[in-house]
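Please take a moment with the sequence and the model that follow, and keep both in view while reading. The paragraphs after them go through the sheets, a helix, a charged pair and a pocket in turn.

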Amino acid sequence: MKDSGITWLGQIPAHWNVVRLKYLFRVVGGGTPSKDKPEYWNGDIPWVSPKDMKQERVVDTEDHITEEAVLESTSTLIQPGAALVVCRSGILKHSIPVAINEVELALNQDMRAFIARGSMTANYLKWLIWANQDALLAEWSKSGATVESLELDLMLNSTLPVPPVSEALAITNWTEHITVGTNEVKRSIQEGITTLQARRSALIDEAVTGQLKYARES
């Protein structure tokens, strides 16, 4: 092991590197086509905003724009496989939403797409952000800012641990596997809670209508 030089990270394997984010990823921003031009909206191109970032994989969005909107506005098409990050939203008070796009799409101005350079993967960045939310929020947020936002310069100049490609792939594969399992447990627990809530409501209804008493007497 060796000291990474990153305060929030501590030690890393001796054969890993530490590299600034701007050398690992190319960043693409987004924009909002004019709302005054209906021909820009309700097209076939998913348009991601923070409200769509409640999932780990983005396959569709609430809003869609047209090809004309992309050509005539600041919106840019993002190819599948980028790490999408919310950079301006109230949710940044406590967490950094990050997801991978599985389809070609565009972003609004509160989003950034991080596109891997070379052998680095967006999946690795996604899980690195997810696992270090508090530390990265503190490092990437501008002190004294009145609006919850991440500063792009701070993000690009931050240093990240970089394992060899084979290890990065193994890490992301293992993390994906663990996440699938925990999501299944979470779903099972939620289904149980829903069933209990329904049963509770039924019992209360029976009690206030007198059915529960008669059912017990019979």
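Two strands are said to pair if DSSP finds at least two bridges between them, and the strands themselves are DSSP runs, numbered from the N terminus. With that in mind, the reader can turn to this structure, which is a predicted model, and begin with Phe-25, whose bridge partner in β11 is Ala-116. Gly-29 likewise has a residue of β11 opposite, namely Arg-112. The two strands concerned, β4 and β11 (residues 111–116), run antiparallel and are joined by 5 bridges.

This pairing belongs to an open sheet of 5 strands, which follow one another in the order β4-β11-β8-β9-β6 with mixed pairing. Because β4 (25–29) and β6 (57–58) stand at the edges and each has a single partner strand, one side of each is left without a neighbour in the sheet. On from β4, strand β11 also pairs with β8, again in the antiparallel sense, and here over 4 bridges. Within the sheet, Leu-84 stands opposite Ala-113 in β11.

A helix accompanies these strands: α2 lies across β4, β6, β8 (83–86), β9 (98–101) and β11, and runs at about 165° to β9.

There is also an open sheet of 3 strands, in the order β7-β5-β10, and its pairing is mixed. Its edge strands are β7 and β10 (106–107), each of which pairs on one side only. Strands β5 and β7 run antiparallel and are joined by 4 bridges, and Pro-46 has His-64 as its bridge partner in β7.

Strand β7 also leads to the charged side chains. Side chains of opposite charge can pair when their charged atoms come close. A search of the whole structure finds 5 salt bridges, and in one of them the side chains of Asp-63 and Lys-51 meet at 2.9 Å, N to O. This pair links distant parts of the chain, 12 residues apart, since Asp-63 is in strand β7 (residues 63–65) while Lys-51 is in the loop between β5 (41–48) and β6.

What remains is the empty space, and in particular the second largest pocket, which holds about 280 Å³. Of the 14 residues that line this pocket, the closest to its centre are Met-53, Lys-54, Gln-55, Pro-97 and Val-98. Which element gives the largest share of the lining of the second largest pocket? That share, 3 residues, comes from helix α2 (residues 122–131), the helix that lies across β4, β6, β8, β9 and β11. By kind, the lining of the second largest pocket divides into 8 nonpolar, 3 polar and 3 charged residues.

Key: Residues are numbered from 1 along each chain as its sequence is written. This is a predicted model: local features need pLDDT of at least 70, side-chain atom pairs count only at pLDDT 80 or more; totals for chains, interfaces and linings use all residues. Side-chain values use heavy atoms; hydrogens and water are left out. On a 1 Å grid over the protein atoms alone, a cavity is a set of points where a 1.4 Å probe fits but cannot get out, and a pocket is an open set with protein on both sides within 12 Å along at least five of seven lines; lining residues have an atom within 4 Å of a point. Grid points are joined across faces, edges and corners, and a volume is the space filled by probe spheres set on the points. Ala, Val, Leu, Ile, Met, Phe, Trp, Tyr, Cys and Pro count as nonpolar, Asp, Glu, Lys and Arg as charged, and the others, Gly among them, as polar. Contact means heavy atoms within 4.5 Å. Axes are lines fitted to C-alpha atoms, for helices over the stretch in contact, and angles run from 0 to 180 degrees between N-to-C directions. A salt bridge is a side-chain nitrogen of Lys or Arg within 4 Å of a carboxyl oxygen of Asp or Glu.
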